[in-house]
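Here are my notes on the structure, set out as numbered points so that each can be checked against the coordinates. I have kept to features that can be located residue by residue.

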Amino acid sequence: MTTRLSELETKLSEAETPQQRIEALNGLAEYLGEIDSHRALTIAEEAVQLSEEQEYWHGYVAGLLNQAWAYYSISDYAESVRRTLDALKLAHQHQQNQHKLDALNILGNNHNVVGNYADAMDCFAQALRIGEQIGDNKQIAAVLSNIGALYNAQEDHQKALQHFERASKLYLEMGAQGVLPGIALLNVAETYNFLKMFDAAIRFAQESLDMFQAVQYTIGEAHAFIHIGTAYQLQGIFDQAVDYFQQALTKIRTTDAKFYEGRIHKQLAAALVEQGSLSESLDHLNNALTIFTNLNIKPDVFATHELYAKVYKSQGDYKKAVEHLELFHEIEGQVFNEKADSRRKTIQVIYEVERMRLEAESQYHRNVSLQKTIQENEQMIAQLDSYADNVAHDLRNPIGVIVSYGALMEMTLEGQLDDESLQYLAQINLAAQKLDDIVGALLSLAKARKAEILPHEVDMSATVSEAQKRLEPVIHKRNAVIQIENQLHPAMGHASWLEEVWVNYIGNAIKYGGDIPIVKVGSIREPDGFIRYWVCDNGVGLKPEEQAQLFTKFERLGQNKIEGHGLGLTIVKTIVEKLGGQVSVSSAGVAGEGSTFGFTLPAA
């Protein structure tokens with residue numbers, strides 16, 4: 001890495017013409033984009049200014065794209081979007097397909113990081129089409145990797161794996177050597193770790209390591225060691241994990257990549273904590289904190305303080321544990337607010353650009369159909385902006401403080417308080433945990449309303465089985481009987497979302513069932529091409545006026561003694577309608593006959 005950096009700096013110093021200097025500046029900025037983003041930003045700014053003076057539009061667009069990527073790397077997504085859209089406009093004007101592709105890639109990454117998954121997929125699909133038009137397999141592979149990262153962000157790791165493997169295959173067919181195919185294999189390894197297929201993760205990481213060693217790409221070697229160490233760490237084989245993380249640290253210290261060095265120190269410290277080597281872990285935490293503080297990377301700073309608290313708590317030094325816990329919550333709150341503000345600004349930039357585009361179109365197209373489309377788009381963007389503002393409220397930070405301190409008080413004051421005081425403390429902790437559950441449910445609801453997914457065939461029997469596993473404690477507590485009446489029909493949907501539907505429906509059936517809850521689950525194919533699913537209980541049933549209040553926020557099923565926050569059925573309704581179905585409830589209101597809750601989905 002240092003050799004490559006020296007080569008680029010030498011090329012810049014030896015540039016004789018303005019155009020040569022612009023190309024050298026952009027090459028250096030592109031290289032520094034991830035390892036020293038602030039320096040990359042300064043260099044790209046010079047390239048843009050010089051290109052504008054020389055009217056060298058190729059260099060100008062390349063400089064804008066380097067700025068955009070540098071802003072993305074330092075999490076300033078609003079500025080990244082601005083530079084990217086400027087570059088995309090110029091690339092269209094000058095018919096620079098390569099720059100169009102690069103701009104769409106960066107714009108897609110920005111959409112991905114703020115949760116606009118549908119827009120991100122649209123950008124990557126456009127980039128993929130351009131790559132196929134110009135026949136650039138290298139760029140096609142890069143876009144496929146970005147799509148894989150998008151699916152990983154949505155926790156659809158199987159689809160992510162398919163795209164990463166396609167990218168890897170393309171690189172091999174091109175005869176590419178070293179860095180690019182090695183990175184593709186690392187992506188595959190990382191996804192196998194997500195899928196808990198650790199042998200495969202280690203195998204692909206080792207293949208990437210061999211490629212990086214062949215071309216002496218030190219940062220890649222370090223990351224390969226990290227993925228292998230992570231696979232062992234996730235299996236609980238901490239000696240092996242520590243060994244690979246130490247090898248990664250040795251490699252990264254020979255480079256200029258201080259950010260990655262800090263990350264490895266932190267990951268090594270976590271593995272040492274699990275191994276029981278607390279004193280040694282503190283040394284690595286000290287190094288990590290120094291690096292992250294110098295680089296002003298707050299998310300890693302507060303995560304490091306959280307790990308400090310864990311180490312000191314294990315050592316019995318509760319005073320230091322509390323000090324680091326306070327710093328953790330303080331900085332976490334700052335980061336949460338900054339991220340929320342950044343998300344809001346990014347969405348606002350996208351909104352402003354889209355609004356300007358729609359206004360320009362409306363000057364040429366005055367028909368009613370187009371006006372309706374404009375209104376719908378503006379409403380959608382306004383909803384995204386409203387969502388960003390709502391999420392910006394720092395709800396979870398004070399709740400986390402209450403939960404953490406409550407747990408710490410229970411631990412440190414054990415045996416010092418009377419029964420009544422202990423009961424008060426337990427009630428405080430219970431209330432704080434319930435409040436945290438409510439906030440989590442609200443955020444899940446917002447996410448379900450906003451998220452866009454591509455429905456796929458879902459094995460509903462397997463999904464119900466996963467839901468039952470999550471409900472095992474309450475099933476055991478109530479001695480509930482779950483009867484699956486037939487082999488459930490498959491349907492088009494999203495497995496993780498539908499698991500939440502079944503957890504809510506079956507969980508409610510147990511809560512509101514008889515003394516010994518008997519819950520029946522079934523499905524039937526309807527003539528209209530939909531599958532209707534149902535969950536029946538043997539409880540007291542619901543009156544018509546109670547049924548009318550269901551599926552709305554903060555409404556529970558009429559029994560005040562039942563615990564809950566009244567958001568479960570709202571989440572169910574949102575998910576089912578997102579997937580093209582409808583929810584229903586029926587009950588005669590007769591004790592023992594219970595209620596039947598249902599939903600429909602398109603048949604597979």
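1. Lys 251 counts as partly exposed, since its relative accessibility is 29%, and in this predicted model its side chain meets that of Glu 221 in a salt bridge, with an N to O distance of 3.0 Å. Lys 251 belongs to helix 13 (residues 238-252) and Glu 221 to helix 12 (residues 218-234), so the pair ties together parts that are 30 residues apart in sequence. The acidic partner, Glu 221, is buried, with a relative accessible area of 5%, which falls under the 20% limit for that class.

2. Helix 12, which carries Glu 221, also packs in a way that can be described by its axis: the axes of helix 11 (residues 198-215) and helix 12 come within 8 Å and cross at roughly 165 degrees. That angle makes helix 11 roughly antiparallel to helix 12, because angles over 145 degrees are placed in that class. As for handedness, the crossing of helix 11 and helix 12 is left-handed.

3. A further salt bridge joins Arg 263 to Asp 300, and here the closest N and O atoms are 2.6 Å apart. This pair links distant parts of the chain, with Arg 263 in helix 14 (residues 258-275) and Asp 300 in helix 16 (residues 298-315), 37 residues apart. Arg 263 counts as partly exposed at 38% relative accessibility, whereas Asp 300 is buried, with a relative accessible area of 5%.

4. Which residue forms a salt bridge with Lys 469? The partner is Glu 466, and the closest N and O atoms of the two residues are 3.2 Å apart. Both residues lie in helix 21 (residues 460-470), and because they are 3 residues apart there, Lys 469 and Glu 466 are separated by about one helical turn. Lys 469 is partly exposed, with a relative accessible area of 48%, and Glu 466 likewise counts as partly exposed, at 35% relative accessibility.

5. The pairs described above should be read against the total for the structure, which holds 14 salt bridges. Salt bridges also link Glu 79, Arg 82 and Arg 83 in a network. As a general point, side chains of opposite charge can pair when their charged atoms come close.

6. Two loop residues deserve a check of their backbone angles, and one of them is Glu 55, whose phi is near 55 degrees, a positive value in a residue other than glycine. Glu 55 sits in the loop between helix 3 (37-54) and helix 4 (57-73), and at 57% relative accessibility Glu 55 counts as exposed. The other is Gln 95, for which phi is again near 55 degrees, a positive value in a residue that is not glycine. Gln 95 occupies the loop between helix 5 (77-93) and helix 6 (97-113), and Gln 95 counts as exposed, with a relative accessibility of 67%.

7. Is Ala 120 buried or exposed? With a relative accessible area of 0%, Ala 120 is buried, and its place is in helix 7 (residues 117-134). Between the C-alpha atoms of Ala 120 and Ile 106 the distance in space is 9.5 Å, while in sequence the two residues are 14 residues apart.

8. Towards the later part of the numbering used here, Val 474 is found in helix 22 (residues 472-478) and counts as partly exposed at 26% relative accessibility. The C-alpha atom of Val 474 is separated by 8.6 Å from that of Lys 511, a residue that lies 37 residues away along the chain.

9. The last point concerns the surface, where Val 481, Ile 516 and Ile 518 make a nonpolar patch of about 230 Å². One of these residues, Ile 516, has its place in the loop between helix 23 (495-511) and strand 4 (518-525). Ile 516 is exposed, with a relative accessible area of 52%, a value that falls in this class because the limit is set at over 50%.

Technical notes. Residues numbered from 1 in each chain as written. Predicted model: local features only at pLDDT ≥ 70, side-chain atom pairs only at ≥ 80, totals over all residues. Heavy atoms only, no water. Helix = DSSP H or I, 4+ residues; strand = E, 2+ residues; numbered from the N terminus. Buried < 20%, exposed > 50% of the residue type's maximum accessible area, 1.4 Å probe, protein only. Patch = residues over 30% accessible without salt bridge, like charges linked within 9 Å, V, L, I, M, F, W, Y side chains within 5 Å. Areas by Shrake-Rupley, 256 points an atom, 1.4 Å probe, with all protein chains shown as cover. Salt bridge = Lys/Arg side-chain N within 4 Å of Asp/Glu carboxyl O. Axes fitted to C-alpha atoms, helices over the stretch in contact; angles between N-to-C directions. Parallel < 35°, antiparallel > 145°, perpendicular 65-115°, else oblique. Left-handed = near helix turned anticlockwise from the far one by under 90°.
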